[in-house]
Structure formats: structure tokens, C-alpha cells
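Welcome! Please take a moment to look over the sequence and the 3D structure, and then try each exercise before reading its solution.

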Amino acid sequence: MAGSRGALIGRPRGFDVDEALERALRVFWEKGYEGSSLGDLTSAMGITKPSMYAAFGNKEQLFRLALQRYSEGPAAYATRALDEPTARAVAEAFLRGAVDTTTRPDRPHGCLTVQGALPDSDGGRPAHDVLVAWRNEACQHLEQRFQRAVDEGDLPLDADPGQLARYIMTVGNGIAVQAASGASHDDLEDVVDIALRNWQPSSSSS
């Protein structure tokens, strides 16, 4: 996605590009890719359609830039969690980060990467594919971190890093869906508590 920043080369100087991109992110987050019309986007960004095309490219390119901003900002908890010293701490940081990000009162509830391409039709296919790749990459990073935990002796040898990663991703995605449906921060913290109580990294502990 870093290459998408090339779309900003030669941008017009009549508006704050970072602020405009932040506003576009919020529109995509609230309405999804297909639900966000060019009129919605340019109105929120405070620019004309020609200015949007000149600065960001087309709608798909704008969405990719917004997703990159989301990854480096609200969703950065997913990357930070990987630096925790134990596998359980990784899981907890990931899930509590998901709760915090999806329930903040000053942001849309839910997760851009879960709801951003709903409903999925031909028009939303580019965003759908980008978001599937994003979620798969996040799962792969978790799997690699849990494999490292096995190699270091933090997890038992019979632990399955892939299953653990999918479990954490599934709970995290469920948190996002519940947040979008109105579940409170405290309700979802309780979900995390239950998930961590059921943390069983090896077949011998089941």
C-alpha cells in the first residue's frame, strides 16, 4: 500500500491533504466502501471531485490510502500487540485493542476492515479483496508470533500457532461486529475476559 502514496505527488495545495484523508477515512468507516458515494466523500473532505482525483486518484485509490491511515492509526494496536513478551499478552493486547478501537465515542463503532466492503457486490469487489488481504496478513503475523512463542518455549510444543491466530482473529472480528451493533465497551471487555479464561494453547490442556 505504501506505493499508493504516489497518487499524492503533484497534489494541489489548496487544502490540508492529511485532514481530507482523515475525513475520507471516517466516511468509509461509517458507510463502507460501496455506501460511500463520491459526493459523500468530497463533501466530507471539503474539496471538489477534480481536486480529489488530482490529489488521491480514484475512489479505490482513496480507499487504499484511507486503509493505510487506519492501519497506522486506529488499528495500530494489531502491530503493537506483536511486541508483547508472551503469547497470552499478545492475545490480550490484540483483543483489548480491538475493543478500544471499535467502541470509542469519538469514532464510528465497529471496524473498517470488517465492515468496509459490506455489502459485497461487483462494485465493492476491489475493496473487498483489499480487506480480505489485510485481514489475512494480520492473521499471518499472529501465527508467526505464536510460532516464535513455541520456538522460545513460551507455548508448548503441541500448540498450533495457526489455530491460535485464527481464534484471536475470530474473536477480534466478532468484537467489531458486536460494537457496530451497539455493544458497549464494558460488555466487550467481558468478552475478552472470557476468551482469555478459555486460553488453551495446547491439546493436552483441553
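The exercises below walk through this predicted model step by step.

**Exercise 1. The overall fold**

Task: Find how many helices and how many strands the chain has.

Solution:
- Step 1. Counting the elements gives ten helices and zero strands.
- Step 2. Following the sequence from start to end, the pattern reads α-α-α-α-α-α-α-α-α-α.
- Step 3. Turn to accessibility: the chain has 206 residues, and 44% of them count as buried.
- Step 4. Now look at contacts in the chain with a separation of 6 or more: 68% of these join residues 24 or more positions apart.

**Exercise 2. Two helices at an angle**

Task: Work out how α1 and α4 are oriented to each other, parallel or perpendicular.

Solution:
- Step 1. Two packed helices are described by an angle and a distance, both taken from their axes.
- Step 2. For α1 and helix α4 (residues 59-72), the angle is about 100 degrees and the axes are 9 Å apart.
- Step 3. An angle of 65 to 115 degrees counts as roughly perpendicular, so α1 and α4 are roughly perpendicular to each other.
- Step 4. See who takes part: α1 contributes residues including Leu-21, Leu-25, Phe-28 and Trp-29, while α4 contributes residues including Leu-62, Phe-63, Ala-66 and Tyr-70.
- Step 5. Sorted by class, this contact of α1 with α4 has eleven nonpolar, no polar and six charged residues.

**Exercise 3. One residue from that contact**

Task: Decide whether Leu-25 is buried or exposed, and list what Leu-25 touches beyond its sequence neighbours.

Solution:
- Step 1. Locate Leu-25 in helix α1 (residues 17-35).
- Step 2. Its relative accessible area is 1%, and buried means under 20%, so Leu-25 is buried.
- Step 3. Leaving out residues up to four places away in sequence, Leu-25 touches Ala-66, Arg-69, Tyr-70 and Leu-112.
- Step 4. For a distance across the fold, take Gln-68: this residue is 43 residues from Leu-25 along the chain, and the two C-alpha atoms are separated by 9.6 Å.

**Exercise 4. An annotated region**

Task: Find which residues UniProt marks as "DNA-binding region", and describe that span.

Solution:
- Step 1. The UniProt record, an unreviewed entry, places this feature at residues 37-56.
- Step 2. The span is 80% helix and 0% strand, and its end C-alpha atoms lie 15 Å apart.
- Step 3. Pick out Thr-42, which lies in helix α2 (residues 38-45).
- Step 4. Thr-42 has a relative accessible area of 9% and is buried.
- Step 5. Its contacts, not counting residues up to four places away in sequence, are Ile-47, Thr-48, Lys-49 and Met-52.

**Exercise 5. A second helix pair**

Task: Work out whether α6 and α8 are roughly parallel or antiparallel.

Solution:
- Step 1. The axes of helix α6 (residues 87-103) and helix α8 (residues 125-152) come within 9 Å and cross at roughly 155 degrees.
- Step 2. Angles over 145 degrees count as roughly antiparallel, so α6 and α8 are roughly antiparallel to each other.
- Step 3. On the α6 side the contact is made by Ala-87, Val-90 and Phe-94, and on the α8 side by Leu-142, Arg-145, Phe-146 and Ala-149.
- Step 4. By class, these are six nonpolar, no polar and one charged residues.

**Exercise 6. Following the charges**

Task: Find which salt bridges Arg-96 forms, and which network Arg-96 belongs to.

Solution:
- Step 1. Side chains of opposite charge can pair when their charged atoms come close.
- Step 2. The count for this model comes to 13 salt bridges.
- Step 3. One of them joins Glu-92 and Arg-96, at 2.8 Å from N to O. These two are four residues apart in helix α6, which means a separation of about one helical turn. Glu-92 is partly exposed, at 25% relative accessibility.
- Step 4. Arg-96 also forms a salt bridge with Glu-189, with the closest N and O atoms 2.2 Å apart. This pair links distant parts of the chain: Arg-96 is in helix α6 and Glu-189 is in helix α10 (residues 185-197), 93 residues apart. Glu-189 is buried, with a relative accessible area of 15%.
- Step 5. Put together, Arg-88, Glu-92, Arg-96, Glu-189 and Asp-193 are linked in a network of salt bridges.

Technical notes: Residues numbered from 1 in each chain as written. Predicted model: local features only at pLDDT ≥ 70, side-chain atom pairs only at ≥ 80, totals over all residues. Heavy atoms only, no water. Axes fitted to C-alpha atoms, helices over the stretch in contact; angles between N-to-C directions. Parallel < 35°, antiparallel > 145°, perpendicular 65-115°, else oblique. Contact = heavy atoms within 4.5 Å. Nonpolar A, V, L, I, M, F, W, Y, C, P; charged D, E, K, R; others polar. UniProt positions renumbered as here; feature names shortened; annotations may be inferred. Salt bridge = Lys/Arg side-chain N within 4 Å of Asp/Glu carboxyl O. Buried < 20%, exposed > 50% of the residue type's maximum accessible area, 1.4 Å probe, protein only.
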